[in-house]
Amino acid sequence: MSGMRTVLASIGVFGLVSVGYGMWAIISPGEDRKREILKNLPEANPVRMEESRKRNALVLQVLKDAAETSDNIARGYGGQK
């Protein structure tokens with residue numbers, strides 16, 4: 001009886017894995033859709049990429065300033081009370 005249970009459990013696990021892989025294969029985009037998605041990413045547009053770089057630089061500068069001070073900048077920049 002234990003051997004039968006092992007066989008049925010193995011078949012069940014294999015079936016679940018097969019169903020999961022099948023669903024993944026159906027849902028995943030094709031090559032044409034992947035190329036279209038990559039083409040429309042913000043990194044593909046030089047203007048948006050430069051804006052992202054500037055924004056990231058500003059955020060890093062604020063984080064650097066916050067790390068160097070003991071003031072609570074959440075209440076206001078520059079330690080205003």
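**Exercise 1. Count the helices and strands of the protein, and give their order from the N terminus on.**

Step 1. The protein has three helices and zero strands. Both kinds of element are DSSP runs, numbered from the N terminus: helices are H or I with at least four residues, strands are E with at least two.

Step 2. Reading from the N terminus on, the order is α-α-α.

Step 3. The radius of gyration is 27 Å, well over the 12 Å that the globule rule gives for 81 residues, so the protein is more spread out than a compact globule. Here the radius is taken over C-alpha atoms, and the rule is 2.2 Å times the number of residues to the power 0.38.

Step 4. Along the principal axes, the C-alpha atoms fill a box of roughly 75 × 40 × 15 Å.

A word on the model: it is predicted, local features need pLDDT of at least 70, side-chain atom pairs count only at pLDDT 80 or more, and totals for chains, interfaces and linings use all residues. Residues are numbered from 1 along each chain as its sequence is written, and side-chain values use heavy atoms, with hydrogens and water left out.

**Exercise 2. Compare the expected span of helix α1 with the distance between its end C-alpha atoms, then find how many of its residues are buried.**

Step 1. Helix α1 covers residues 2–27, which is 26 residues. The expected span is 1.5 Å times one less than the number of residues.

Step 2. That rule gives 38 Å, and the end C-alpha atoms are 38 Å apart, so the two agree.

Step 3. The count of buried residues in α1 is zero, so this helix is hardly covered. Buried means under 20% relative accessible area, exposed means over 50%, and partly exposed lies in between (1.4 Å probe, protein chains only).

Step 4. For the protein, buried residues make up 2% of the 81 residues.

**Exercise 3. Describe the aromatic pair of the structure.**

Step 1. There is one aromatic pair in the structure.

Step 2. The ring centres of Tyr21 and Trp24 are 5.7 Å apart and the planes stand at 40 degrees, so the pair is tilted. The rule: rings of Phe, Tyr and Trp (its six-membered ring) pair if their centres lie within 6.5 Å; planes under 30 degrees apart count as stacked, over 60 as edge-to-face and the rest as tilted.

Step 3. Tyr21 and Trp24 both belong to helix α1, three residues apart, about one turn of the helix. An α-helix has 3.6 residues a turn, so residues three or four places apart point the same way.

Step 4. Both Tyr21 and Trp24 are exposed.

**Exercise 4. Find how many salt bridges the whole structure has, and look at the one between Glu31 and Lys34.**

Step 1. The search finds four salt bridges. Each is a side-chain nitrogen of Lys or Arg within 4 Å of a carboxyl oxygen of Asp or Glu.

Step 2. Glu31 and Lys34 form one of them, with the closest N and O atoms 3.9 Å apart. They are three residues apart in helix α2 (residues 31–39), which puts about one helical turn between them.

Step 3. Glu31 is exposed at 51% relative accessible area, while Lys34 is partly exposed at 39%.

Step 4. Glu36 and Arg33 form another salt bridge, with the closest N and O atoms 3.5 Å apart. They too lie in helix α2, three residues apart.

Step 5. In helix α3 (residues 46–68), Glu50 and Arg53 are three residues apart, and the closest N and O atoms of their salt bridge are 3.7 Å apart.

**Exercise 5. Name the residues of the nonpolar surface patch and give its accessible area.**

Step 1. The patch consists of Met1, Met4, Val7, Leu8 and Ile11, with about 590 Å² of accessible area together. Patches take residues with over 30% relative accessible area and no salt bridge: like charges are joined within 9 Å, nonpolar side chains (Val, Leu, Ile, Met, Phe, Trp, Tyr) within 5 Å. Areas come from the Shrake-Rupley method with a 1.4 Å probe; for residues, only the protein chains shown count as cover.

Step 2. Met4 sits in helix α1 and counts as exposed at 52% relative accessibility.
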